[in-house]
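These are my notebook entries on a structure I wanted to read slowly, going from the whole chain to single residues. I wrote down what I looked up in the order in which I looked.

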Amino acid sequence: MTVALQVKDVHKRFGSHKVLDGFSLDVGTGEILGLLGPNGCGKTTVLSIVCNLLSYDEGEVLLMGEPIHRLSFQASSRLAFCTQRSALYPDLLPAENLLFFARLYGLSEQHCKQRVAELMHDFELEAFATTRAGKLSGGWQQRLHLAVSLVNRPLFLVLDEPTAAVDVQARMDLWRLIDGLREKGTTILLTSHYLPEAERLCSRVALMRHGRVVAAGSVPELLARAPSQAVAKVKATHQEGIIQRASDLGWSVRQHADEIKLFLPQHLNLRDIIDALDGTSVSAVSVHPVTLEDVYLELVGEDPPEAA
Ligand SMILES: Nc1ncnc2c1ncn2[C@@H]1O[C@H](COP(=O)(O)OP(=O)(O)OP(=O)(O)O)[C@@H](O)[C@H]1O
Ligand SMILES: [Mg+2]
């Protein structure tokens, strides 16, 4: 796999606030890489730097081997950023929005109109041809927003939370469209708060904490490298006793409303777990394979925002 994007040991401060602290990441050509991390950990900052919209203090960012701040117009115009907040003009129709952005690339009027017609068709926007962008539903606005980012057929596409705040059907439609882009060879770097989205779409996932990547790999690789081998979910009348026992046993613990998650460093069957918790107020126990959510919890140290 050739590397499309290399981010090497990047540091970024906003005043006294250090947001990126040795952030490094490679994105392979043709893959979808998902960058996950809690609110405010610096995901959008990374994407803005990668798209050369924001400077950085130290480090190196290379796109197709070229420093990002020295890309030719031709190379940079094949890089597109679908931002977290919509860039649509609410009073313009879908095709007018597409045409506006297509013209920014300096294509001929004929090329612009042809591309707009293609995107209106591919994204099934024709059904809303006479609806102003601001009056479209959230899911269709997001769809138009994605279409806008494709006007110049980007080779490298950056998507900041592409399915945030849309319903299940719209999310699945967007997944299908994003999958289609990957099938056509587009390299995609996206952020998400929704772990099933990362599992469904991404060839690799990078988990971010304290301004750097704490783990990166395919979902099976991350699961294999998880500190725990299995997770026990426990219900109890007195959670403190269970937490104390688990920490005596050296197990990591995560407390949810009416449930405690125990991260087991080795495979244990139900009998072993019940024996280990003997004398506590445990009322129900179940054992589960480690999921991406568990790996996130252990490595990032907090609940994924959409699971919280
Ligand atoms: N232009 C700026 N000036 C000052 N601080 C900023 C600026 N942009 C971002 N920050 C701060 O940097 C930190 C990281 O912000 P960023 O938007 O990159 O986080 P994020 O991971 O994308 O969060 P979210 O999941 O909420 O979108 C936050 O504390 C934010 O307040
Ligand atoms: Mg963000």
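The entries below go from the overall layout to the details.

**Entry 1: the whole chain**

I began by noting that I am working with a predicted model. I looked up the secondary structure and found eleven helices and 14 strands in the protein chain. Its C-alpha atoms fill a box of roughly 75 × 45 × 40 Å when the box is laid along the principal axes. I then asked what share of the 308 residues counts as buried, and the answer is 37%. For contacts between residues at least 6 apart in sequence, I noted that 71% join residues at least 24 apart.

The domain assignment splits the protein chain into domain 1, residues 3-222, and domain 2, residues 227-289. The centres of domain 1 and domain 2, taken over C-alpha atoms, are separated by 40 Å.

**Entry 2: strand 7 and its partners**

Next I turned to strand 7, residues 156-160, and asked how many of its five residues are buried. Five of the five are, so strand 7 is largely enclosed by the rest of the structure. I checked the two faces separately and found F156, V158 and D160 buried on one side, with L157 and L159 buried on the other, which leaves both faces covered.

I also looked up which strands pair with strand 7. Strand 6, residues 79-82, pairs with strand 7 in the parallel sense over four bridges, and here L79 has F156 as its bridge partner. Strand 8, residues 187-192, also runs parallel to strand 7 and is joined to it by five bridges. In that pairing L157 has I188 in strand 8 as its bridge partner.

**Entry 3: the sheet of strands 11 to 14**

I then followed an open sheet of four strands, whose order is 12-13-11-14 and whose pairing is antiparallel. Strand 12 (252-255) and strand 14 (282-288) stand at the edges with a single partner strand each, so one side of each has no neighbour in the sheet. From one strand to the next the twist averages 20 degrees.

Within this sheet I looked more carefully at strand 11, residues 230-236, and strand 13, residues 260-264, which pair in the antiparallel sense over five bridges. K233 stands opposite K261 in strand 13. Helix 9, residues 239-248, packs on the sheet and touches strand 11, strand 12, strand 13 and strand 14. The direction of helix 9 makes about 160 degrees with that of strand 12.

**Entry 4: around ligand 1**

Which residues surround ligand 1? I listed F14, V19, G37, N39, G40, C41, G42, K43, T44, T45 and Q84. Sorting this shell by residue type, I found three nonpolar, seven polar and one charged. Helix 1, residues 43-50, gives the most to the shell, with three residues.

**Entry 5: two residues of helix 4**

In helix 4, residues 109-122, I picked K113 and also A117, which lies in helix 4 too. As a reminder to myself, an α-helix has 3.6 residues a turn, so residues three or four places apart point the same way.

Is K113 buried, exposed or partly exposed? K113 has 15 C-beta neighbours inside 10 Å, and therefore counts as partly exposed. A117 is partly exposed because 13 other C-beta atoms lie within 10 Å, and a residue would need 20 or more to count as buried.

I also checked two distances from C-alpha to C-alpha. K113 and E96 are 17 residues apart in sequence and 10.0 Å apart in space. A117 and H193 are 76 residues apart along the chain, with their C-alpha atoms separated by 32 Å.

**Entry 6: helix 11**

My last stop was helix 11, residues 292-300, where L292, D294, V295, Y296, L297 and E298 are buried. Why does Y296 count as buried? Y296 is placed in that class because 26 other C-beta atoms lie within 10 Å. I measured nothing myself here, but the computed C-alpha separation of Y296 and V214 is 9.9 Å, although they are 82 residues apart along the chain. Just after helix 11, I noted that G301 takes a positive phi of about 85 degrees.

Key. Residues numbered from 1 in each chain as written. Chains lettered and ligands numbered in written order. Predicted model: local features only at pLDDT ≥ 70, side-chain atom pairs only at ≥ 80, totals over all residues. Pairing = 2+ DSSP bridges. Axes fitted to C-alpha atoms, helices over the stretch in contact; angles between N-to-C directions. Contact = placed C-beta atoms within 7 Å. Buried ≥ 20, exposed ≤ 12 C-beta atoms within 10 Å, placed from the backbone. Near = placed C-beta within 6 Å. Nonpolar A, V, L, I, M, F, W, Y, C, P; charged D, E, K, R; others polar. Domains from an automatic or database assignment.
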